[in-house]
Amino acid sequence: MKLATTTADFNKYCSSICDSISCVAEAGFRYVDLDFPKTGKEEDLFGDDWKRGVQKIKDHADRLGVQLVQSHVLAQQNLFGPNVDEKTVRGDIIRCIEICGMLGIPNMVMHAQRSDEFSFVMEQWMEANRAVLYSFAPYFEEAGVNILMENGPLKHAQAFQPDGKPYDPPKYYCSSTSGAILKDFVDYVDHPMVHACWDTGHANMNGPQYDDIVTLGSQLRALHVHDNREAMDEHGLPYFGTLNWDEVMHALIDSNYQGYFTFEACCSFGCEKILDRNKRQFHGDTRLYRPNKALKIELEKFLYQVGKHILTSYDCFEE
């Protein structure tokens with residue numbers, strides 16, 4: 001397997017995607033997952049001159065000898081959420097697909113759609129999500145981009161009634177919380193360019209994951225690799241949580257996984273929104289609120305070495 005990581009590792013440190021790619025490359029990574037920031041980056045991929053930004057990214061990656069191997073659609077991609085402008089969200093998803101096509105990125109990860117109208121019943125959830133995917137099919141078919149549906153943690157799937165009691169069954173019961181549900185859904189979609197991505201951190205919040213990974217089999221085309229302590233989606237480095245890495249590696253080997261070992265451990269330094277929002281505040285000097293960029297790059301180098309250790313231990317590491 002080849003090691004990859006996401007440009008989101010440097011979202012808080014770099015004003016451009018190109019700069020993020022440079023930092024990832026400096027740490028040793030040659031295979032990269034492109035994170036789509038809606039705003040705040042020099043390339044402005046969702047502005048009028050977006051194609052120039054895409055070309056800039058492509059040229060920069062080529063100069064560095066970096067290959068963009070997968071991507072993740074914008075975080076805000078639920079068409080059925082409250083106060084959502086469906087036309088805008090749909091346009092953003094199409095733009096992500098077009099960008100992947102221009103950059104030669106073969107796989108783009110998506111989360112399941114959810115709504116009060118269909119998320120209680122598995123059959124309704126599957127049909128609604130299948131319809132959404134087929135509405136995008138002309139775009140991802142033309143771009144040559146596979147759509148990979150991602151598993152989610154059951155803790156995120158659970159919602160609560162106004163009286164504070166959980167819904168039974170869970171409101172978002174079918175948000176791909178297990179390998180079996182995810183495989184059943186991908187098989188139900190039955191499109192040659194729709195497959196699965198397995199998120200190890202999300203799965204760790206649910207419990208053991210060997211059976212889930214093996215169940216996905218050949219439908220598994222990509223990974224989001226990170227760790228946590230089970231209570232929340234921390235996106236931490238391996239060994240900073242409770243995940244069993246032997247279990248994950250045996251499952252990947254036994255299922256004959258052929259994709260990249262792609263990190264999504266972007267919050268390991270407590271510098272991203274997941275931990276930022278829980279950080280204790282001080283209203284005086286804030287020079288130490290976030291580690292500086294040089295320290296972040298050193299941590300990224302450590303992340304690469306940890307990944308190399310995991311893969312080398314099972315004779316799976318490829319340059």
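Two strands count as paired when DSSP finds at least two bridges between them. Keep that in mind, as much of this tour of a predicted model follows paired strands.

**Start with the whole chain**

Show everything as a cartoon. You should find eleven helices and eight strands in the protein. The radius of gyration is 19 Å, close to the 20 Å that the globule rule gives for 319 residues, so the protein is as compact as a globular protein of that length. Along its principal axes, the C-alpha trace spans about 50 × 50 × 45 Å.

Now switch on a surface. About 14,900 Å² of the protein is exposed, and carbon and sulfur atoms supply 50% of that area. Buried residues account for 54% of the 319 residues. If you color by charge, look for 31 positive and 47 negative charges, whose mean positions lie 6 Å apart. A contact map is worth a glance too: among contacts between residues at least 6 apart in sequence, 77% join residues at least 24 apart.

**Next, select the strands**

Hide the surface and keep the strands. All eight belong to an open sheet with parallel pairing, and you can walk across it in the order β7-β6-β5-β4-β3-β2-β1-β8. Which are the edge strands? They are β7 and β8 (261–262), each of which pairs on one side only. Strands of a sheet pair through backbone hydrogen bonds, either parallel or antiparallel, so backbone atoms are the ones to display here.

**Zoom in on β6**

Select residues 194–199, which make up β6. Is this strand mostly covered or mostly open? Mostly covered: six of its six residues are buried.

Look to one side of β6 and pick strand β5, residues 146–150. These two strands pair in the parallel sense over four bridges. Label Ile147, and you will see it standing opposite Val194 in β6.

Then look to the other neighbor, strand β7, residues 220–224. Here, too, four bridges make the join, and β6 and β7 run parallel. Two residue pairs help you follow the match along the strands: Ala196 stands opposite Leu220 in β7, and Asp199 stands opposite His224 in β7. While the side chains are on display, remember that in a regular strand the side chains alternate between the two faces of the sheet.

**Step back to the loop before β6**

Select Asp190, in the loop between α6 (179–189) and β6 (194–199). Its phi is near 55 degrees, a positive value in a residue other than glycine. Is Asp190 buried or exposed? With 60% relative accessibility, Asp190 counts as exposed, because the cut-off for exposed is over 50%.

**Compare with Asp315**

Jump to Asp315, in the segment after α11 (293–313). Phi of Asp315 is also near 55 degrees, again a positive value in a residue other than glycine. Asp315 has a relative accessibility of 73% and counts as exposed.

**Last stop: Arg95**

Finish with helix α3, residues 86–103, and select Arg95 within it. Arg95 has a relative accessible area of 17%, and because buried means under 20%, Arg95 is classed as buried. What does Arg95 touch, leaving aside residues up to four places away in sequence? Show Leu45, Phe46, Gly47 and Trp50 as sticks, and you have its contacts.

Technical notes: Residues are numbered from 1 along each chain as its sequence is written. This is a predicted model: local features need pLDDT of at least 70, side-chain atom pairs count only at pLDDT 80 or more; totals for chains, interfaces and linings use all residues. Side-chain values use heavy atoms; hydrogens and water are left out. Buried means under 20% relative accessible area, exposed over 50%, partly exposed in between (1.4 Å probe, protein chains only). Contact means heavy atoms within 4.5 Å. The radius of gyration is taken over C-alpha atoms; the globule rule is 2.2 Å times the number of residues to the power 0.38. Accessible areas come from the Shrake-Rupley method with a 1.4 Å probe; for residues, only the protein chains shown count as cover. Lys and Arg count as positive and Asp and Glu as negative; His and the chain ends are not counted. The place of a charge is taken as NZ of Lys, CZ of Arg, CG of Asp or CD of Glu.
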